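This report describes selected features of a two-chain model, chain by chain. The sequence and the structure are shown first, and the description follows.

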Amino acid sequence: MTSVLLQPEHEFETQDIFVNMGPQHPSTHGVFRMVLAVDGEVVRDVLPYIGYLHRGAEKLCETMDYRQGIGFMDRTEYLAAFNAELSYVMAVEKLAGIEVPERAQWIRMILCELNRLSSHFMFLGAFGVDVGVLGTSFTYAFREREVIFDLFEEICGDRMMYSYFRVGGLAWEVTDNFVARVHQVLASARQGIEDLDGLLTANEIFQARTKGIGHISAADAIDWGMSGPSLRATGVSLDIRRDEPYLFYPEVKFDVITGTNGDVYDRYICRLQEMYQSIRIIEQCLQRLQPGPIVPERMSRLLRTPPGEVYLRTEAPRGEYGVYMVSNGGNRPWRCKVRSACLSNLQALRDMTVGHYVSDAVLVLGSIDIVLSEVDR
Amino acid sequence: MTAEFLGIEMPVLLEAFIKVNIVVLAMTVVVMALIYLERKIIGRFQMRLGPTRTGPFGLLQSIADALKLVGKEDLRPTGADPWVFELSIYFIFVPVFVGFVVVPFAIGWEIRALELGLLYLLATSSVSGLGFAMAGWASDNRYAMLGGLRAVAQGVAYEIPLVVTLLAVAMLSGSLNLREIMLDQGTVPNIVWQPLGFIMFYIAMLAELNRAPFDIAVGESETAGGPHIEFSGIRWSMFQLAEYAHLWIMSIVGSAIFLGGSAWPLGEDLGTPFQLLLMGIKSSALIFLAMWTRASLPRLRIDQLMGFAWKVLMPLAFIQVLVNGFVIVYDLPLLLLTVQGLIGIVVLNWAIQRAVARPAGRPGIAAWAASEATS
């Protein structure tokens with residue numbers, strides 16, 4: 001009879017413990033909850049729970065006039081509300097066959113790219129905190145974000161929920177000193193990116209923490225339906241601004257930033273580099289901005305669309321933000337569905353996290369850069 | 001059984017009692033000041049103002065916080081182990097208080113200049129690891145448990161390089177008495193002979209104190225406070241007290257051992273006030289460095305932290321002891337030690353760079369995940 005002790009597999013009996021992270025946890029970026037099955041410090045399984053912020057924005061849109069839906073779109077993606085509005089109003093315009101004046105399109109482009117900057121600043125700041133900088137990255141990022149928000153406030157009176165894009169154009173004309181103000185904001189944003197770059201990227205601990213963590217292959221990323229910087233970090237060069245152009249994106253020069261490894265570090269670098277590209281786009285837009293009307297000459301007071309369906313996607317900071325809309329005729333959509341980039345990106349969480357340490361689970365979640373209101377809608 | 005204290009003859013016990021009380025009171029005040037300063041300094045790093053509303057420049061903020069904490073309800077989770085839970089904080093802050101016995105504020109200004117003072121200090125301060133384990137285990141909270149286990153693993157790992165580097169210095173001075181080590185540096189501080197030793201001491205000290213970038217036990221963004229998580233009110237303030245008192249002790253000891261303490265420069269000639277000033281400046285510099293680190297460095301992961309202690313710091317610390325031994329036994333010029341220390345710093349930097357440049361992915365974990373997937 002052999003001793004039990006001689007058989008290594010019976011030496012210890014260990015048990016995984018479940019660690020509940022969220023919905024109230026400093027690093028779940030909103031009301032996301034994940035239960036980690038943990039073996040010591042190593043994550044064996046991840047069970048995500050979503051839906052804490054579900055408000056039925058899509059359903060609400062179906063009960064309202066097309067124009068009233070714009071406000072709900074702001075609230076689905078509060079960190080990049082202009083981009084969310086853009087998808088929605090462009091979908092309605094496509095459905096109703098409305099032509100948007102040139103000036104309105106350029107201003108939309110500027111505001112969307114500025115919003116991409118503010119959203120990525122938010123990512124950089126929060127990601128720094130996830131990695132463990134006490135909060136310095138957060139305040140650095142928020143300094144720049146405030147500057148951008150001040151500009152937004154001057155233009156549309158609101159800092160986060162703008163409701164500024166209208167079907168057919170814009171709500172009202174931008175302020176007189178708009179161009180000068182945007183140049184100011186860009187100068188400060190450029191400085192801010194460099195500050196954050198210096199604080200985080202060059203740091204040895206930061207690199208050691210982020211490189212090789214949360215790897216996902218290009219094939220897996222496509223299978224999960226990932227998009228945006230999270231997809232491009234794996235090496236897939238897909239940017240809707242370039243591949244399926246809308247607004248005047250074909251007329252401006254910008255590079256699509258791709259990574260190679262698809263790890264946390266690459267996702268971070270992709271976003272950081274994208275911010276420089278956004279600045280580049282905005283500068284070109286400002287040169288092309290001409291005076292002119294911001295709403296079509298003739299708009300009916302009651303907006304009715306012919307029956308039909310439309311799917312329109314744009315490149316939001318977090319990836320593909322698509323709006324699918326079915327109209328039965330009349331002044332409200334029969335069905336409105338938002339294709340959320342965050343939801344698709346979040347699905348890959350388990351693949352990316354399992355096998356890493358608990359501390360890395362926080363990093364992986366942070367690097368996907370989710371907005372829970374967009375996931376839950 | 002009489003001794004002289006401030007020119008008055010009094011029994012030894014009474015003298016010790018008075019000194020202990022002075023130190024404990026001073027410590028409380030210093031801890032409050034440190035908390036205020038840390039908030040102010042980190043505020044400046046983060047382009048904030050820090051506390052401003054309570055008193056002039058927010059000076060009374062720490063006092064207000066302390067009063068608030070005392071007034072708060074002392075909660076204990078239902079599932080917590082009552083004895084271990086309540087005792088754990090004593091295991092954290094009593095060792096720190098006890099350590100003050102040998103701390104040399106100036107030449108002759110310590111409660112007792114023990115012959116084995118350094119050993120005593122290290123022995124007492126390592127007990128607090130037990131306190132963290134108890135707090136983590138008894139809280140009946142998974143974050144607390146993770147944090148507690150991390151604290152113990154980290155404490156054990158960094159204790160060794162800390163002790164060995166300090167041992168190397170003690171070899172040079174030929175004493176474990178903190179006063180003697182300090183006096184030995186009257187002309188040249190030890191950092192000149194032990195530059196590598198100082199850096200390793202500082203790293204190990206940060207780890208021992210659970211401060212950034214080694215704050216994985218508390219890990220605000222991961223374990224949400226770690227062992228502290230279930231403590232509230234006065235018990236939680238004890239954690240703070242212990243943390244900052246420990247920081248203060250370690251910075252004083254560090255400046256006494258490596259920076260010449262109150263002996264260099266001219267400490268012995270210019271009297272006690274000047275010595276206190278010297279010590280104040282040196283220890284403040286170390287404390288400021290710790291706050292600076294906290295404001296700007298990300299946190300290490302547990303495996304990186306352990307790997308750094310066992311694979312990098314430990315061999316370097318033992319090599320330091322070996323070289324010191326050779327130099328002392330064969331009576332070689334001390335300048336050799338400086339050269340060796342600078343080479344050691346280069347090696348340390350190389351090791352860090354190599355760890356960063358390591359190809360992406362960790363084979364151990366990947367192999368483990370693959371075996372999991374197949375089984």
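## Sheets of chain A and the fold of chain B

Within chain A, Tyr324(A) has Lys337(A), a residue of strand 8, as its bridge partner. The model in which this pair occurs is predicted. Strand 7 (residues 319-327) of chain A and strand 8 of chain A are paired in the antiparallel sense, with five bridges between them. Strand 8 of chain A spans residues 335-339, and its covered face consists of Cys336(A) and Val338(A). The uncovered face of strand 8 of chain A carries Arg335(A), Lys337(A) and Arg339(A). Such a pattern can be read against a general rule: in a regular strand, side chains alternate between the two faces of the sheet.

**The sheet 6-7-8.** Strand 7 and strand 8 belong to an open sheet of three strands in chain A, ordered 6-7-8 and antiparallel in its pairing. Strand 6 (308-316) and strand 8 of chain A are the edge strands, each pairing on one side only. From one strand to the next, the twist averages 10°. Strand 6 of chain A is joined to strand 7 of chain A by nine bridges, and the two run antiparallel. These two strands of chain A form a hairpin, with two residues between them. Two bridge pairs illustrate the register: Arg313(A) has Gly322(A) of strand 7 as its partner, and Thr314(A) has Tyr321(A) of strand 7 as its partner. Helix 3 (residues 81-96) of chain A packs on this sheet and touches strand 6 and strand 7 of chain A. The direction of helix 3 of chain A makes about 150° with that of strand 6 of chain A.

**The sheet 1-2-3.** Another open sheet of chain A has three strands in the order 1-2-3, with antiparallel pairing. Its edge strands are strand 1 (17-21) and strand 3 (42-49) of chain A, each of which pairs on one side only. The twist here averages 25° from one strand to the next. Strand 2 (residues 33-39) of chain A is connected to strand 3 of chain A by seven bridges, the two strands running antiparallel. Within this pairing, Arg33(A) lies opposite Tyr49(A) of strand 3 of chain A. Helix 14 (residues 358-368) of chain A packs on the sheet, where it touches strand 1, strand 2 and strand 3 of chain A. The direction of helix 14 of chain A makes about 150° with that of strand 2 of chain A.

The strand pairs described above for chain A are set out below.

| Strand pair (chain A) | Sense | Bridges |
|---|---|---|
| Strand 2 and strand 3 | antiparallel | seven bridges |
| Strand 6 and strand 7 | antiparallel | nine bridges |
| Strand 7 and strand 8 | antiparallel | five bridges |

**A helix of chain A.** Helix 5 (residues 136-156) of chain A contains 21 residues. From its first C-alpha to its last, helix 5 of chain A reaches 30 Å, close to the 30 Å expected at 1.5 Å a residue. Just after helix 5 of chain A, Gly157(A) adopts a positive phi of about 80°.

**The fold of chain B.** The secondary structure of chain B consists of 15 helices and two strands. A compact globule of 375 residues would have a radius of gyration near 21 Å, and the 22 Å of chain B agrees with this. Along the principal axes, the C-alpha atoms of chain B fill a box of roughly 70 × 55 × 45 Å. Of the 375 residues of chain B, 46% count as buried. Among the contacts in chain B with a separation of 6 or more, 77% are between residues 24 or more positions apart.

**Pro227(B).** Pro227(B) is located in the loop between helix 9 (195-208) and helix 10 (233-257) of chain B. Is Pro227(B) buried or exposed? Pro227(B) is buried, because 34 other C-beta atoms lie within 10 Å, where 20 or more suffice. Leaving aside residues up to four places away in sequence, Pro227(B) touches residues including Phe132(B), Ala144(B), Ala151(B) and Ala217(B). Asn324(B) is 97 residues from Pro227(B) in sequence and 39 Å from Pro227(B) in space, C-alpha to C-alpha.

**The contact between the chains.** In the interface, 33 residues of chain B are in contact with 37 residues of chain A. On the side of chain B that touches chain A, the elements giving two or more residues are helix 1 (12-45), helix 6 (142-173), helix 12 (272-296), helix 13 (302-329), helix 14 (335-357) and helix 15 (363-374) of chain B. The residues of this side of chain B comprise 19 nonpolar, five polar and nine charged.

Conventions. Residues numbered from 1 in each chain as written. Chains lettered and ligands numbered in written order. Helix = DSSP H or I, 4+ residues; strand = E, 2+ residues; numbered from the N terminus. Expected span 1.5 Å × (residues − 1). Buried ≥ 20, exposed ≤ 12 C-beta atoms within 10 Å, placed from the backbone. Contact = placed C-beta atoms within 7 Å. Nonpolar A, V, L, I, M, F, W, Y, C, P; charged D, E, K, R; others polar. Pairing = 2+ DSSP bridges. Axes fitted to C-alpha atoms, helices over the stretch in contact; angles between N-to-C directions. Rg over C-alpha atoms; globule rule 2.2 N^0.38 Å.
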